[in-house]
Amino acid sequence: MTDVWSNWSGWVKAWPTQIAAPATEEEVVAILRGAPAPIRVAGRGHSFTPLVESAGTILTLFGLSGVVDHDPEAMTARIKAGTTIRNLGPELFERGLALLNQGDIDRQTLAGAVGTGTHGTGGELGSLSAGVKAFRLATSSGEVISCSRTENSDVFDAGRVSFGSLGVMTEITMQCRNVYALEETGGRMSIAEALDKAEALRDEARHFEFFWFPFADQVLIKFLRETSKEARPRRRRPDGEMSRDDKIMQLTCEISRTLPFLRGPLQKLLTSTSGSRYSGGAADGAEEQKTRVRWSHDAFPSDRNVRFNEMEYAVPAEKGPDCIREVGEHMRKCGTNFLFPLEFRYVAADDAWLSPFYRRDSVTISVHQYHRQPYKALFAGVEDIFRRYDGRPHWGKLHTRGAKDFEALYPKWEAFRDVRRQLDPEGKFLNAHLKQIFGEA
């Protein structure tokens, strides 16, 4: 037996027969032909669901990293699937390119982020999966196929969000754009005002989101606006190196875990000490909490080193404010101990068959729980609310939905299952979690 594999939060562990680390597409093919099933692909472990769990083979793509080539006129880049988003940013920047959008964590591999529908925020901006122009897929038989809107189009539509259930992505072509700088501003705003003005705030900047500690009556809003101002370099912290804010957050989590009656006062304190009140947009010259300008690949991510588990659902955009309002009320009243804030983001619709944003502009609402505290009771009550708002779960974040639920949530569910069976008739890529997802247990 090999050593244990663990995800980032530490809650998902596996003891596979082997952990394989191919360095070329040819090595991926050789592994797929002979490795014990189930075969699961591991990125950097930032999924909270047991997508990677396997007693057979866990295949890592760390050896498949880097930009293969780029097209400066089409502004596309061919990228090896194991490239982390963090490493991809500078490589694209050297070529005068940048991703259209990113999330606030960039430690994931590109294949892992694309395969789970990982996203940032922006009312007119899609997820990372929406930016995929083509990909190469190694199937269970060892065949490698090229997929795009004009070649193997059904696999392209299914495969952009398929969490390793169709095969192993070895290379991904991404739509990019010219390099650009973003100016970050934000501050505190009452939760009532933020929800009443959510659509206007969304349209005020290229990127808008807010964080809400449910026991506080204010939220922390954040904007990123494209700018021609000079971008300053940013020092990125290595994994495990905590910033001052990380240390404060971990300390308050430990205090709340030990003294749960303090969770309300601590949440109010964390909110009230997070800068000044937001009093208007940059256009009117109003003073804001903070202003900093960075190149996009440095502006998007946060160095998150306090570990947590997470549930996230995408609900129809127009229902987002009502949904988070109800979620916050439930969390205040349920009696379960928690400290992390809720996160509220907008994502534009796309056409990947199993994307949480399939043909639906959405709001995503994320619920976090400190990794040293149990999450099931907290998440169960919140998930009941998400269900009532027609929510679709993030594939890499905790949920309890199954095949019958997804059949109702996704119009192309059966079409996806048909493609999956054609590419993997023996179920090599299905672990217990995916068998439940697809109703093939």
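Start at Q218, which touches R188, M189, S190, I191, W212, T271 and R277, leaving aside residues up to four places away in sequence. Keep in mind that this is a predicted model. One of those neighbours, R188, is joined to Q218 by a side-chain polar contact of 2.9 Å. Q218 has a relative accessible area of 17%, and because the cut-off for buried is under 20%, Q218 counts as buried. Its place is in strand 14, which covers residues 218-227.

From strand 14, step across to strand 13. A hairpin through 5 residues joins strand 13 to strand 14, and the two run antiparallel with 5 bridges between them. If you want to find the register by eye, look for F211, whose bridge partner in strand 14 is L220. Another handy marker is H207, which has L224 as its bridge partner in strand 14.

How much of strand 13 is buried? The answer is 6 of its 6 residues, so the strand is largely enclosed by the rest of the structure. Look at where the side chains go: H207, E209 and F211 point one way, F208, F210 and W212 point the other way, and all of them are buried. W212 is also one of the residues that Q218 touches.

Now move on to strand 17. Strand 13 (residues 207-212) and strand 17 run antiparallel, joined by 4 bridges. Here W212 turns up again, with L342 as its bridge partner in strand 17. E209 has R345 as its bridge partner in that strand.

Strand 17 (residues 342-347) has 6 of its 6 residues buried, so the rest of the structure largely encloses it. Both of its faces are covered: on one side sit L342, F344 and Y346, on the other E343, R345 and V347, and all are buried. That second face holds a charged pair, since the side chains of R345 and E343 meet in a salt bridge at 3.5 Å, N to O. Both R345 and E343 are buried.

Carry on to strand 18 (residues 362-370), which pairs with strand 17 in the antiparallel sense over 5 bridges. To line the two up, find Y346, which stands opposite V363 in strand 18.

Stepping back, these strands belong to an open sheet of 8 strands with antiparallel pairing, in the order 15-12-14-13-17-18-16-19. Where are its edges? The edge strands are strand 15 (292-295) and strand 19 (392-393), each of which pairs on one side only. Helix 11 packs on the sheet, where it touches strand 16 (308-316) and strand 18, and its direction makes about 170° with that of strand 18.

Helix 11 also leads us to the salt bridges, of which the structure holds 40. In one of them, the side chains of E326 and R388 meet at 2.2 Å, N to O. This pair links distant parts of the chain: E326 is in helix 10 (residues 320-333) and R388 is in helix 11 (residues 376-388), 62 residues apart. E326 is partly exposed, at 23% relative accessible area, whereas R388 counts as exposed at 52%.

For another setting, look at D424 and R420, which form a salt bridge with the closest N and O atoms 2.9 Å apart. D424 is buried, with a relative accessible area of 1%, and R420 counts as buried too, at 2% relative accessibility. Elsewhere, salt bridges that share partners join D104, R304, E310, E312, E343, R345 and K397 into one network. That list brings back E343 and R345, the buried pair from strand 17.

Finish the tour at helix 2 (residues 85-94), whose buried residues are I85, L88, G89 and L92. Seen down the helix axis, these buried residues fall within an arc of 110°, so they line one face of the helix. The spacing makes sense, because an α-helix has 3.6 residues a turn, so residues three or four places apart point the same way. What do the buried residues of helix 2 pack against? Their partners are strand 6 (67-71), strand 7 (76-80), strand 8 (97-99), helix 3 (110-115), strand 11 (168-178) and helix 9 (296-299). Helix 2 is followed by G96, which has a positive phi near 80°.

Definitions and conventions:
Residues are numbered from 1 along each chain as its sequence is written. This is a predicted model: local features need pLDDT of at least 70, side-chain atom pairs count only at pLDDT 80 or more; totals for chains, interfaces and linings use all residues. Side-chain values use heavy atoms; hydrogens and water are left out. Buried means under 20% relative accessible area, exposed over 50%, partly exposed in between (1.4 Å probe, protein chains only). Two strands pair if DSSP finds at least two bridges between them. A polar contact is a pair of N or O atoms within 3.5 Å; within protein, one must be able to donate a hydrogen and the other to accept it, and residues adjacent in sequence count only if both atoms are side-chain atoms. Contact means heavy atoms within 4.5 Å. The arc is that of the directions from the helix axis to the C-beta atoms. A salt bridge is a side-chain nitrogen of Lys or Arg within 4 Å of a carboxyl oxygen of Asp or Glu. Axes are lines fitted to C-alpha atoms, for helices over the stretch in contact, and angles run from 0 to 180 degrees between N-to-C directions.
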